[in-house]
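Below are my notes on this model, set out as numbered points. They start with the pockets and then turn to the cavity, the annotated positions and one of the helices.

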Amino acid sequence: MRLILMGPPGAGKGTQARFVADHFGVPAISTGDIFRANVSQGTPLGVEAKRYMDAGEYVPDEVTNHMVRNRIDEEDARPGFLLDGYPRTLAQVTELDGMIGFTGHQLDAVVVLTVDPEELVQRLLQRAQTDGRTDDTEDVIRRRQEVYSEQTEPLIGVYRDRGILIEIDGMGEVDDVTARIFAALDAIPQS
Ligand code: B4P
């Protein structure tokens with residue numbers, strides 16, 4: 001399976017990505033997690049990414065695309081993968097098309113989680129208390145929501161036009177959301 005998990009900040013992408021990836025036996029590749037790992041290790045990539053992440057902005061496409069290309073070239077991603085948080089811009093969509101097309105495969109599905117905007121802010125403020133992420137302050141959360149609306153929401157139409165978009169209600173208990181995703185994905189033929 002080659003899957004994308006999309007949704008606004010706090011929709012539950014990272015939360016659900018692990019379950020979905022386990023279910024299909026593919027690696028979950030989270031660009032946010034890779035950036036955060038680099039930040040905590042103090043790598044040059046981490047130093048660059050932190051500037052953008054702390055402001056609620058997207059890391060530049062060239063940096064992100066290069067990182068994803070290297071990651072999906074790894075052995076464990078050959079049979080398939082779940083991308084969590086990538087692509088987030090139209091330029092990233094084009095780049096990903098090239099990466100997957102090069103291998104002769106295609107995307108199986110793009111799952112979008114939908115959640116009420118105020119619930120999103122509450123979830124992230126809650127996470128700020130437990131995880132201490134530097135981008136989970138109210139101002140930065142609001143900026144991340146704006147950036148999502150401007151740059152990432154247009155991708156929904158692109159994948160809908162391709163006939164591979166699956167919209168899932170992300171409200172409610174984590175287990176219930178997982179069950180909805182499994183039910184939708186189990187119904188599509190695997191490539
Ligand atoms: P991400 O790490 O993807 O951060 P996110 O959008 O907040 O999603 P996350 O997966 O962490 O949260 P989730 O919804 O699971 O990106 C961080 C930053 O990295 C971006 O702002 C950007 O700067 C950069 N970046 C990443 N990818 C990029 C790209 N492709 N291009 C450019 N820049 C990029 O969960 C949120 C909270 O909700 C959690 O605490 C969770 O426990 C809780 N939750 C989840 N499901 C719930 C439910 N059903 N009920 C209640 N709470 C729930």
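1. In this predicted model, the lining of the largest pocket draws at least two residues from each of helix 1, helix 2, helix 6, helix 7 and helix 9 (174-186). The pocket holds about 880 Å³ of space, and 39 residues line it, with Lys-13, Arg-36, Arg-127, Arg-133 and Arg-144 lying nearest its centre. Sorted by class, the lining of this largest pocket consists of 15 charged, 14 polar and ten nonpolar residues.

2. The second largest pocket contains about 250 Å³ of space, and its lining is made up of Arg-2, Arg-69, Ile-72, Asp-73, Ala-77, Arg-78, Phe-81, Met-99, Ile-100, Phe-102, Thr-103 and His-105. Helix 4 and helix 5 (90-102) are the elements that give two or more residues to this lining, and helix 5 provides the largest share, namely three residues. The class breakdown for the second largest pocket is six nonpolar, four charged and two polar residues.

3. Turning to enclosed space, the count comes to one cavity of 30 Å³ or more, and the volume of the largest cavity is about 50 Å³. Its lining is formed by Leu-5, Met-6, Gly-7, Lys-13, Tyr-58, Gly-85, Tyr-86, Pro-87, Arg-88, Tyr-148 and Thr-152, where strand 1 (2-6) and helix 7 (138-152) are the elements that give two or more residues. Six of the residues lining the largest cavity are nonpolar, three are polar and two are charged.

4. Which positions does UniProt list under "binding site"? The entry, which is unreviewed, gives Gly-10, Ala-11, Gly-12, Lys-13, Gly-14, Thr-15, Arg-127 and Gly-172. From this set, Lys-13 is found in the lining of the largest cavity, and Lys-13 is also among the residues nearest the centre of the largest pocket.

5. Two of the positions listed in that record, Ala-11 and Arg-127, can be described further. Ala-11 sits in the loop between strand 1 and helix 1 (13-24), and it counts as buried because its relative accessible area is 3%, with the limit for that class being under 20%. Leaving aside residues up to four places away in sequence, Ala-11 touches Leu-113, Val-115, Leu-120, Arg-123 and Gly-170.

6. Arg-127 belongs to helix 6 (residues 117-131), and its relative accessible area of 24% is why it is classed as partly exposed. Again leaving aside residues up to four places away in sequence, Arg-127 touches Gly-132, Arg-133, Asp-136 and Arg-144; of these contacts, Arg-133 and Arg-144 are, together with Arg-127 itself, among the residues nearest the centre of the largest pocket.

7. On which side of helix 2 are Ser-40 and Gln-41 exposed? The buried residues to consider in helix 2 (residues 31-41) are Thr-31, Gly-32, Phe-35 and Asn-38. These lie on the same side of helix 2 because they cover an arc of only 130 degrees around the axis, whereas Ser-40 and Gln-41 are exposed on the other side. The buried residues of helix 2 pack against strand 2 (28-30), helix 3 (44-55), helix 4 (61-72) and strand 3 (81-84). After helix 2 comes Gly-42, which has a positive phi, near 70 degrees.

Definitions and conventions
Residues numbered from 1 in each chain as written. Predicted model: local features only at pLDDT ≥ 70, side-chain atom pairs only at ≥ 80, totals over all residues. Heavy atoms only, no water. 1 Å grid on protein atoms, 1.4 Å probe; cavity = no way out; pocket = protein on both sides within 12 Å on 5 of 7 lines; lining within 4 Å. Points joined across faces, edges and corners; volume = space filled by probe spheres on them. Helix = DSSP H or I, 4+ residues; strand = E, 2+ residues; numbered from the N terminus. Nonpolar A, V, L, I, M, F, W, Y, C, P; charged D, E, K, R; others polar. UniProt positions renumbered as here; feature names shortened; annotations may be inferred. Buried < 20%, exposed > 50% of the residue type's maximum accessible area, 1.4 Å probe, protein only. Contact = heavy atoms within 4.5 Å. Arc of directions from axis to C-beta.
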